[in-house]
Amino acid sequence: MKIAQFTITFHFIYRVQTLCQITLSQTLISIDTVRTPSCVTHLSEFLSNACASICESAGTRTCAYVFSDMEGFLAKIMMENIRLVASGNFRRGLRHLTMIGINALKRSISFLYRDLKAITSFDGSFWNEDAAINSFQVVSNFVTLLELPMKELEEHYKESPNEFSDADYKLMFASECPMRKGDVTLFHKLKDRLEM
């Protein structure tokens, strides 16, 4: 059990450190080709090798314990990365997020879901398909807000004000995106109207 707990701690640190590199990826500011950020493919390879190694050396029961709730954990890390991107704090110099960069984020979410599902398909795995679909869909929907023009973002908020927290919607309205200029005052006006 102590070995499993140590392994979980190590994996926790590695996953966070690796996925956080996505905000430094040149793919977010690319203007030509949609590519999966290298940190995402590296993490997938690491998890695949780690799963195989743990299953072989400690058995599938220990591996299931180590990889439990992986689907929710990785989705949460991606959500935090999207918030960082939306805040603009990822920028290098004066280069901004592009539509190709947004598509790279969406591809990363699909890539992680698909590969993680395959990696944790061993007997005795705690993989929860419903939880995985829900977790990654929330992140995917949040990324989609980055590509909307302001009018469409306003309509989305009016139709689904409870889909995300007020803090997340406020962040999106303030965000400088390829199809819109940030204007957080619009969020406050819409919120006030909905609460009347």
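Helix axes here are lines fitted to C-alpha atoms over the stretch in contact, and angles run from 0 to 180 degrees between N-to-C directions. The model is a predicted one, so to speak of local features takes a pLDDT of at least 70 and side-chain atom pairs count only at pLDDT 80 or more, while totals for chains, interfaces and linings use all residues. Residues are numbered from 1 along each chain as its sequence is written, and side-chain values use heavy atoms, with hydrogens and water left out.

Start with H4, residues 70–87. Helices are DSSP runs of H or I with at least four residues, numbered from the N terminus. The 18 residues of H4 should span 26 Å at 1.5 Å a residue, and its end C-alpha atoms are indeed 26 Å apart; the expected span is 1.5 Å times one less than the number of residues. H4 is largely enclosed by the rest of the structure, because 13 of its 18 residues are buried. Buried means under 20% relative accessible area, exposed means over 50%, and partly exposed is in between (1.4 Å probe, protein chains only).

Both flanks of H4 have a positive phi to show. Ahead of it, in the loop between helix H3 (60–66) and H4, sits Asp69, whose phi is about 60° although Asp69 is not a glycine. Asp69 is partly exposed, at 47% relative accessibility. Following H4 comes Gly88, with phi near 85°.

As for partners, the axes of H4 and helix H8 (residues 166–174) come within 8 Å and cross at roughly 40°. The crossing is left-handed, that is, the near helix is turned anticlockwise from the far one by less than a right angle. On the H4 side, Met79, Ile82, Arg83, Ala86 and Ser87 meet Asp168, Leu171 and Met172 of H8. These residues split into five nonpolar, one polar and two charged. Contact means heavy atoms within 4.5 Å.

H4 also meets Ser135, a residue of helix H6 (residues 129–144). Ser135 is buried, at 19% relative accessibility, and touches Glu71, Gly72 and Ala75, leaving aside neighbours within four places in sequence.

Elsewhere, Lys117 belongs to helix H5 (residues 99–119) and is partly exposed, with a relative accessible area of 37%. Not counting residues up to four places away in sequence, Lys117 touches Trp127 and Glu129. The side chains of Lys117 and Glu129 make a polar contact at 3.4 Å. Lys117 and Asn128 are eleven residues apart in sequence, with 9.2 Å between their C-alpha atoms.

Terms used
Helix = DSSP H or I, 4+ residues; strand = E, 2+ residues; numbered from the N terminus. Polar contact = N/O pair within 3.5 Å; in protein donor to acceptor, adjacent residues only side chain to side chain. Nonpolar A, V, L, I, M, F, W, Y, C, P; charged D, E, K, R; others polar.
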